[in-house]
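Grab a pencil and work through these exercises with the structure open beside you. Try each task yourself before you read its solution.

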Amino acid sequence: MIGQLVLALSILVGLHEFGHFAFAKLFKIRVDKFYIFFDFLFPMPNVANFALVKKKIGETEYGIGWFPLGGYVQIHGMIDETQDASALAGPPQPDEFRGKPAWQRLLVMLGGIIMNVILGIAIFAAMTAHYGETYLPASEARYGIIPNGLGREIGFRTGDKIVKINGRPFTEFDDVFKPDVIMGDNSYYTVERNGQLEDLKIPKNFLDKFSKQNEDSLLVRPRETFAVDRVTPGGNASKAGLLAGDVITTVAGRPVQFFDELQAVLLANKGKTVPTVVQRGGQTLTLNIPVTESGRIGFERKSTLKVGTRQYSVAEALPVGVKKAFGVIGLQARAFAKIGRGEISASESLGGPVEIAQQFGGTWDWQHFWGLAGGLSMVLAFMNLLPIPALDGGHVVFLLYEMILRRKPSDAFLEGAQRVGTVLILALMAYVIVFKQVMKLFN
């Protein structure tokens, strides 16, 4: 988990800072330092100054810092977290940031965001071309759905058939979980239940609860029939004579057609030995199988759902990658709007390194890693574009002000704004990294 987090941050931060570096070099601005992670205790540039690795090449010192919550390029002649107005007392020099035209300075500040957007698009496009897109046709849920706790809270019941989303028919089952639906202001599902149609509206505060779910507890899942795929060697089912390919029809005198029915019967008979009727090659057999205290007998089921896959060429994958990448930014913007309107809780929605690491999980899966890294790259671009002093977006606002009014803010004002922005960022970092984790421990 930690390894994936460090690798992802190294890639994302490194390319973000390279964006600033590349535009600075393009416009012949001197870059004194290029660091992945901070070589000081952010935001105090003179405290705990040391690097894990560093090497000076030409005019620039390249290195990896010890403080892993970001990175930076020290651009000569620019007020940022590494230098203030007092360091820029003399007249602007040709190789300084402040000595360049406003449009060049604007591109330097946008360089990190541009690189994160390019990276996000490249990752999503490459994954689409390599893996394709898997999907479950909505028609596969022909036996209806099984809701989890949140699904029941909306009003779903076992066996419901979802026929429309927001009044429109749908073709892929994953459309049920689309962020546009979950985050929609007036989203609802239409289900068929006992021959009648009923609309189930998503509550306004639902996103808070939905965001806490893990990948294995989706809102609803298709109800499906099943067969025995693999019997656990040495398990209760194996000792009782269950074989791969068997079809279980009755357990403890109760017919079981669907896997959720089998689970319910086994849980109701924990610790007991139950008569289990199976069909095997045209024969009907009864096996007496002990049920564990966790409600299991020891086999893996074979899914009867048929998943489809869409394949893309490299050219076809690019627009798909663009759509997926900017979809992440759209969702971020909508989430912030909902936080601003008080429809979702900021404390539940904002997360830090701990939450990000948990998203990666403890198993190294490259497909999952790159998918999450692509999303994080777009989130990083969005967050840096926010008009907060000390972030790239804050610098962009001041530069646009200068370009439109043809009047540059004073260095003293920029230094003060930098300090205010830094305090805001530190307060947010303290909240998501420290306060939330302490509160979780108390809870």
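**Exercise 1. Work out how β1 and β4 pair, then place them in their sheet.**

Start with the pair itself: strand β1 (residues 31-38) and β4 are antiparallel partners joined over six bridges. Strands here are DSSP runs of E with at least two residues, helices are runs of H or I with at least four, and both are numbered from the N terminus. Two strands pair if DSSP finds at least two bridges between them. For a concrete example, look at Tyr35, whose bridge partner in β4 is Tyr72.

A quick word on the model: it is predicted, so local features need pLDDT of at least 70 and side-chain atom pairs count only at pLDDT 80 or more, while totals for chains, interfaces and linings use all residues. Residues are numbered from 1 along each chain as its sequence is written, and side-chain values use heavy atoms, with hydrogens and water left out.

Next, zoom out: four strands make an open sheet in the order β2-β3-β1-β4, with mixed pairing. β2 and β4 (67-75) are at the edges with a single partner strand each, so one side of each has no neighbour in the sheet. On average, neighbouring strands of this sheet are turned by 10° against each other, direction ignored.

**Exercise 2. Describe the hairpin of β2 and β3.**

First, the pairing: β2 (residues 51-57) runs antiparallel to strand β3 (residues 60-65), and six bridges join them. Within it, Val53 sits opposite Ile64 of β3. Now the turn: two residues lie between the strands, and Gly58 has a positive phi near 65°.

Is β2 covered or bare? Count its buried residues (under 20% relative accessible area; exposed is over 50%, partly exposed in between, with a 1.4 Å probe and protein chains only). The count is zero among its seven residues, so you can call β2 hardly covered.

**Exercise 3. Describe how α1 packs against α2.**

Two packed helices are described by the angle between their axes and the distance between the axes. For helix α1 (residues 2-26) and helix α2 (residues 102-131), the angle is about 140° and the axes are 7 Å apart. Axes are lines fitted to C-alpha atoms, for helices over the stretch in contact, and angles run from 0 to 180 degrees between N-to-C directions. That makes α1 oblique to α2; under 35 degrees counts as roughly parallel, over 145 as roughly antiparallel, 65 to 115 as roughly perpendicular and the rest as oblique.

Which residues touch? Contact means heavy atoms within 4.5 Å. Among those making it are Leu12, Phe18 and Phe23 of α1, and Val108, Ile113 and Leu119 of α2.

**Exercise 4. Check the span of α8 and find its buried residues.**

Helix α8 (residues 314-340) has 27 residues. The expected span is 1.5 Å times one less than the number of residues. From first C-alpha to last, α8 reaches 39 Å, close to the expected 39 Å. Its buried residues are Ala317, Val320, Gly321, Ala325, Val328, Ala335 and Lys338. After α8 comes Gly342, with a positive phi near 80°.

**Exercise 5. Is Leu424 buried, exposed or partly exposed?**

Find Leu424 in helix α13 (residues 411-442). Its relative accessibility is 49%, so Leu424 counts as partly exposed. Last step: Phe124 is 300 residues away along the chain, and the C-alpha atoms of Leu424 and Phe124 are 32 Å apart.
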